[in-house]
Amino acid sequence: MGESYDIAIKEIVTLGFNSETVQLTDTIIENMIKNFQKSPEMSGLLHKVINSKTGTLYQKSHMTSVVACEMIKNLKYNDTNAFDKIAFAAFFHDILLAEREDLAKINSFEELEKARLNEEDWDLVFNHASEASQLIKNHPEAPLGADEIIRHHHGAFNGKGFSNGIEKLPDLSKIFIIAHHFVLELIRFKENGGQPRPVTEELFRRYPSPDAAIIIKALEKALKKKK
């Protein structure tokens, strides 16, 4: 799946959607959903993905899908297409960074400024959520609303830059943002090591609204769940 994902996103960026890239995309997304649905608990599946010999973008995509879907289940969110929307959003959210996996780890204005990027790369990071949300509209079977989740995935309503003020965003966008942030921290810890720390405490600080607190508690419940 990891190799197929890398091939698919690079071909879509270069060639756009055709019957082959659509079929490949749909197969990977279906497998992501099936893996989540048949896994008895989230932690085991995350462990398997993060320790696989696959690229960062694929790991981030697959794990964000898993975490967000588990949170949706715990929240008893009433949307029959929620898993599909999340999986499509997870697949496409960083597609514009297909050739620059390092840039996909930037998750705030502070990190963007510290990266000391040239103007082209800075613009790429700043605008990638907005541009990816436009790109997915060309996929003939993308579920309605997946583009909105992609546009919001760094908290900015228009998909440009970053924002911690997510109170007015739709619920699925909030769920995706918090799942995405959690997964980024997992990847950073795997790469950099150091002392383990409770990521949810940072999430409560960064997203202090009552709605976000409910979503973060659903994440905590998923993390505590055992077979």
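Student: Which residues on the other side of α1 are exposed?

Tutor: Glu-3, Thr-14 and Leu-15 are exposed there. Exposed means over 50% relative accessible area, buried means under 20%, and partly exposed is in between (1.4 Å probe, protein chains only). Before we go on: this is a predicted model, where local features need pLDDT of at least 70, side-chain atom pairs count only at pLDDT 80 or more, and totals for chains, interfaces and linings use all residues. Residues are numbered from 1 along each chain as its sequence is written, and side-chain values use heavy atoms, with hydrogens and water left out.

Student: And what makes α1 a helix of the expected length?

Tutor: A helix here is a DSSP run of H or I with at least four residues, while a strand is a run of E with at least two, and both are numbered from the N terminus. Helix α1 covers residues 2-15, which is 14 residues. The expected span is 1.5 Å times one less than the number of residues. For α1 that comes to 20 Å, and the model reaches 20 Å from first C-alpha to last.

Student: How do you know that the buried residues of α1 line one face?

Tutor: The buried ones are Gly-2, Tyr-5, Ala-8, Ile-9 and Ile-12. Seen down the axis, they fall within an arc of 120°, so they line one face of the helix. The arc is taken from the directions that run from the helix axis to the C-beta atoms. As for what covers them, the list includes α2 (19-38), α4 (56-75), α5 (82-92) and α7 (119-135).

Student: What makes something a contact, and which residues of α1 and α5 meet?

Tutor: Contact means heavy atoms within 4.5 Å. Tyr-5, Ala-8, Ile-9 and Ile-12 of α1 meet Ala-90, Phe-91 and Phe-92 of α5. That contact divides into seven nonpolar, no polar and no charged residues. Nonpolar covers Ala, Val, Leu, Ile, Met, Phe, Trp, Tyr, Cys and Pro, charged covers Asp, Glu, Lys and Arg, and the others, Gly among them, are polar.

Student: Why are α1 and α5 called roughly perpendicular?

Tutor: Two packed helices are described by the angle between their axes and the distance between the axes. The axes of α1 and α5 come within 11 Å and cross at roughly 75°. Those axes are lines fitted to C-alpha atoms, for helices over the stretch in contact, with angles from 0 to 180 degrees between N-to-C directions. Under 35 degrees is roughly parallel, over 145 roughly antiparallel, 65 to 115 roughly perpendicular, and the rest oblique. At roughly 75°, α1 and α5 are therefore roughly perpendicular to each other.

Student: Then how would you describe α10 against α11?

Tutor: Their angle is about 170°, with the axes 10 Å apart. That makes α10 roughly antiparallel to α11. Thr-200, Leu-203 and Phe-204 in α10 meet Ala-213, Ile-216, Lys-217, Leu-219, Glu-220 and Leu-223 in α11. This contact holds six nonpolar, one polar and two charged residues.

Student: How do you know that the buried residues of α10 sit on the same side?

Tutor: Val-199, Thr-200, Glu-202, Leu-203 and Arg-206 are buried in α10. They cover an arc of only 155° around the axis, which puts them on the same side. α9 and α11 are among what covers them.

Student: What makes the span of α11 agree with expectation?

Tutor: Its 15 residues (210-224) should span 21 Å, and the end C-alpha atoms are 21 Å apart, so the two agree. Its buried residues, Ala-212 and Ile-215 among them, pack against α3 (42-50), α4, α9 (171-192) and α10 (199-206).

Student: Why does Ala-104 count as buried?

Tutor: Ala-104 has 2% relative accessibility, so buried is the word. Ala-104 lies in the loop between α5 and α6 (109-114). Leaving out residues up to four places away in sequence, Ala-104 touches Leu-57, Lys-60, Asp-94, Leu-97 and Leu-184.

Student: And why do Lys-76 and Arg-116 count as exposed?

Tutor: Lys-76 has 68% relative accessibility, so Lys-76 is exposed. With 76%, Arg-116 is exposed too. Lys-76 is in the loop between α4 and α5, and Arg-116 is in the loop between α6 and α7. Neither is a glycine, yet phi is positive: about 55° for Lys-76 and about 50° for Arg-116.

Student: What makes His-47 exposed?

Tutor: His-47, in helix α3, has 54% relative accessibility and therefore counts as exposed.
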